[in-house]
Each structure stands twice: as structure tokens, then as C-alpha cells.
Amino acid sequence: MRIVFLGPPGSGKGTQSQKLQAYLKVPHISTGDMLRRAIQQRSDLGRIGEEYMQRGHLVPDPLILELVEARLAEPDCQQGVLLDGFPRTLRQAQSLDEFLAARGMPLTGVLELEVDRDELLRRLMSRRRQDDKPEIIRRRLDGYLEQTAPLSDFYEQRGLLYPIDGSLSPDEVFARIQAVLKQLESHEPQATSDC
Ligand code: AP5
């Protein structure tokens, strides 16, 4: 299965990805985690990425695409993958489409976690990540509406979008995700026997 998690900052993409990774047993690719690792390692990507992340802006598409496409080309991603925080712009979504289509590996579904702004603010304000300062959080949320929210239409038009109420408890959200996956599994092509 190739699944994308869509949703604003604080909607629970990371939390649900951890659960889903254990359930599906496919690699979890979080661009936010990859960038934070690059910052810790003081790589060129980390140095550039940090400037954007600290201000609550998206890291430029070419850097993100190079990072993700290199990871997706690794052998462990050939049977399935869970994408968290990517794609985040129309350009990223279109590039992902082209990358996967060229390899005959289409997306299975896009799970969109829906949570209202007050709850997102409450969740992020009570966390202590570097970019969880009030002004930066507001910029990330506004940036999401402007640059990432249009991806809902992009995936809906392709029949891939599955909205999920992300305001419930983590276990209840996960139960809803499992229900969607069962639906998706029943549409997946089955392996054919030789006889
Ligand atoms: P990234 O790390 O992807 O952060 P984000 O999208 O802002 O999302 P968060 O990690 O804040 O939230 P989440 O939805 O994962 O929720 P979580 O499970 O953590 O990106 C960081 C930055 O990197 C970006 O701003 C950008 O600069 C850059 N970047 C990354 N990807 C990029 C890309 N593709 N292109 C360009 N730039 C990119 O939960 C949040 C909190 O809520 C936690 O405390 C959690 O315990 C709690 N919580 C979760 N679920 C529930 C629940 N159901 N009920 C109550 N509390 C809950």
C-alpha cells in the first residue's frame, strides 16, 4: 500500500503514522523528521532547511523532491510506503504522481485528518518543539491553508481522498483509519494463482 497522510500541523499525522507503520509494516517517510535529522547532522540540507523551518515556512520544493525521491527509490519502499508531511504543495503532488506512475506504483489512498484550528492551536501550544512557538504555529497553519489545502481537491478529483475526523482520541482516529484501509484493501488487485 502507498498511503499519503494529509492534514494541518498538529492534526496527528505523526501520531497516526507510528500506529499505521506498525500495522501495515511499510516504511514511514516523514519529511519533517528527515529535515530535523539533517539539522542535527549539520548537513547542507539541514543548514538550509533550518532557516525555513524556524520561520514556519515550507522548505523549497527542489530540495524536498530530491530528498523524497532518493528515499522512495530505496528497495524497502518498493512494496509500500507511508508518506507523512509530503506532498505539501501542488508541485510536490504532481512530481510524486509522475515519479510513481513512471514506476507503475500508483498511490492507494490519501487520508486527510480534519481538525479545527482551535484544537490544532491547543495541541501545538502544549508541545515543545522548536517550531511550536505561537507566532510560528500561526504561520504554519496559514501556510497550510494557502499551499497544502488545495491538495484535497487534487486528490479528490483522482478519487483518492478519504477524510477522517482527527479530533477524536488517537485510538478512535486509528480505528477509522483501519476501516478505510479495509475498504482500500478490498479494491487492491489480488495476487493471481498459477493454475
Ligand atoms: P512536520 O514535521 O511535517 O510538521 P507539521 O506538518 O507541522 O506537523 P506536526 O508534526 O506539527 O503535526 P502532526 O500532524 O504530525 O501531529 P502530531 O502527531 O505530531 O514539518 C515541520 C516543518 O518541516 C514544516 O513546517 C516545513 O518547514 C518543513 N517541511 C516538512 N515537510 C515539508 C515538505 N514536504 N515541503 C516543504 N517543507 C516541509 O501531533 C501533534 C500533537 O498533538 C502531539 O503533541 C500529539 O501528541 C497530539 N495529538 C495527536 N493526535 C491527537 C489526538 N487525536 N488527540 C489529542 N492530541 C493529539
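This passage describes the surroundings of the ligand, the salt bridges and two features of the backbone in a predicted model.

The ligand occupies the largest pocket of the structure. The shell around the ligand holds 31 residues, of which T15, T31, H57, R88 and R140 come nearest. Sorted by class, this shell is made up of eleven nonpolar, twelve polar and eight charged residues. Three helices, α1 (13-24), α2 (31-40) and α6 (117-125), each contribute at least two residues to the shell. The largest share comes from α2, which supplies four residues.

Polar contacts to the ligand involve both side chains and the backbone. A polar atom in the side chain of R140, one of the nearest residues, lies 2.7 Å from an oxygen atom of the ligand. The side chain of R129 also places an N or O atom 2.9 Å from a ligand oxygen. At L168, the atom concerned belongs to the backbone: an N or O atom of this residue is found 2.8 Å from a nitrogen atom of the ligand. The protein buries 87% of the 1,000 Å² that the ligand exposes when taken alone.

Across the whole structure, 14 salt bridges were found. One of the pairs is formed by K19 and D171, whose side chains meet with a distance of 2.9 Å from N to O. This salt bridge links distant parts of the chain, with 152 residues separating the two partners. K19 belongs to helix α1, whereas D171 is part of helix α9 (residues 170-187). Helix α1 thus appears in two settings, as a contributor to the shell around the ligand and as the location of K19 in this pair.

Two features of the backbone were also noted. Most residues other than glycine have a negative phi, and most peptide bonds are trans. At K25, which is not a glycine, phi is positive, at about 60°. This residue lies in the loop that runs between α1 and β2 (28-30). The peptide bond joining F86 and P87 is cis, with omega at about 0°. P87 is located in the loop between β3 (81-84) and α5 (90-102). R88, listed above among the residues that come nearest to the ligand, follows P87 in the numbering of the chain.

Notes. Residues numbered from 1 in each chain as written. Predicted model: local features only at pLDDT ≥ 70, side-chain atom pairs only at ≥ 80, totals over all residues. Heavy atoms only, no water. Near = heavy atom within 4 Å. Polar contact = N/O pair within 3.5 Å; in protein donor to acceptor, adjacent residues only side chain to side chain. Areas by Shrake-Rupley, 256 points an atom, 1.4 Å probe, with all protein chains shown as cover. 1 Å grid on protein atoms, 1.4 Å probe; cavity = no way out; pocket = protein on both sides within 12 Å on 5 of 7 lines; lining within 4 Å. Sits in = over half its atoms within 2 Å of the grid points. Nonpolar A, V, L, I, M, F, W, Y, C, P; charged D, E, K, R; others polar. Salt bridge = Lys/Arg side-chain N within 4 Å of Asp/Glu carboxyl O.
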